[in-house]
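Reader: I've got a fold to look at and I'd like to learn how to read it piece by piece. Could you walk me through it?

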Amino acid sequence: MSSDADEPIEGNWYELPSGEIFTVVTVDEEEGMVEIQYDDDRLEELELETWEDLGADPIDPPEQWTGGYGTFDDEDDLDIEPSEIEEE
C-alpha cells in the first residue's frame, strides 16, 4: 500500500535516480495514467502502476525552467509567420 507522499501530484516536480527532472502535468486516476514533462519539454505518459517503480523524489521547481505545457494554448499565436512580424 502506498502513502499519499508516493502519489504523483499535478504541478509538483520530481527527480529520477538518473538525474532527470520533470513535472507532473496531469494525473488521470480514472484512466490510470500520469502525464509528465521533462525539463527539456519532452512529454511522456506513464501508467499509474509504474509510478512507484520510477523512484522519483519530490524536488523544488527549477529556477531556470521556461518550458510550458500551457505555453501553446492560444493557437492563433502559432499561425504567425516570421515575415508577418513588423520591425520597428
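Reader: Let's start small: is Asp 41 buried, partly exposed or exposed?

Author: Some ground rules before that: this is a predicted model, where local features need pLDDT of at least 70 and side-chain atom pairs count only at pLDDT 80 or more, while totals for chains, interfaces and linings use all residues. Residues are numbered from 1 along each chain as its sequence is written, and side-chain values use heavy atoms, with hydrogens and water left out. As for exposure, buried means under 20% relative accessible area, exposed means over 50%, and partly exposed is in between (1.4 Å probe, protein chains only). Asp 41 has a relative accessible area of 41%, so it counts as partly exposed.

Reader: Where does Asp 41 lie?

Author: Look in the loop between strand 3 (33–38) and strand 4 (43–47). Strands here are DSSP runs of E with at least two residues, helices are runs of H or I with at least four, and both are numbered from the N terminus. Strand 3 and strand 4 form a hairpin with four residues between them. Phi of Asp 41 is near 80°, a positive value in a residue other than glycine.

Reader: Which residue takes a positive phi in the hairpin of strand 2 and strand 3?

Author: That one is Gly 32, with phi near 75°, and this hairpin too has four residues between its strands.

Reader: How do I read the sheet as a whole, and what is the order of its strands?

Author: The general idea is that strands of a sheet pair through backbone hydrogen bonds, either parallel or antiparallel. The working rule is that two strands pair if DSSP finds at least two bridges between them. In this model there is an open sheet of five strands, ordered 4-3-2-1-5, with antiparallel pairing. Strand 4 and strand 5 (57–59) stand at the edges with a single partner strand each, so one side of each has no neighbour in the sheet. On average, neighbouring strands of this sheet are turned by 40° against each other, direction ignored; the axes are lines fitted to C-alpha atoms (for helices, over the stretch in contact), and angles run from 0 to 180 degrees between N-to-C directions.

Reader: How many bridges join strand 3 to strand 4?

Author: Five, and the two strands run antiparallel. One of the pairings there puts Val 34 with its bridge partner Leu 46 in strand 4, and Ile 36 stands opposite Glu 44 in strand 4. Strand 2 (21–28) and strand 3 pair over six bridges, also in the antiparallel sense. There, Thr 23 has Gln 37 as its bridge partner, and Val 24 stands opposite Ile 36.

Reader: Now the inside. Which residues make up the largest nonpolar core?

Author: A nonpolar core is a set of buried Ala, Val, Leu, Ile, Met, Phe, Trp, Tyr and Cys residues joined through side-chain atoms within 4.5 Å. The largest one has ten residues: Tyr 14, Leu 16, Phe 22, Val 24, Val 34, Ile 36, Tyr 38, Leu 46, Trp 51 and Ala 56. Strand 2 and strand 3 each supply at least two residues of this core, and strand 3 gives the most, with three.

Reader: What does Trp 51 touch?

Author: Contact means heavy atoms within 4.5 Å. Not counting residues up to four places away in sequence, Trp 51 touches Asp 6, Glu 7, Pro 8, Tyr 14, Phe 22, Val 24, Val 34 and Ile 36. Trp 51 lies in helix 1 (residues 51–54) and is buried, at 6% relative accessibility. The C-alpha atoms of Trp 51 and Val 34 are separated by 8.2 Å, with their positions 17 residues apart along the chain.

Reader: And charges: how many salt bridges does a search of the whole structure find?

Author: Side chains of opposite charge can pair when their charged atoms come close. The cut-off is a side-chain nitrogen of Lys or Arg within 4 Å of a carboxyl oxygen of Asp or Glu. The search finds two. Glu 20 and Arg 42 meet in one (2.5 Å, N to O), linking distant parts of the chain, 22 residues apart. Arg 42 also forms a salt bridge with Asp 40, the closest N and O atoms being 2.9 Å apart. Together, Glu 20, Asp 40 and Arg 42 are linked in a network.
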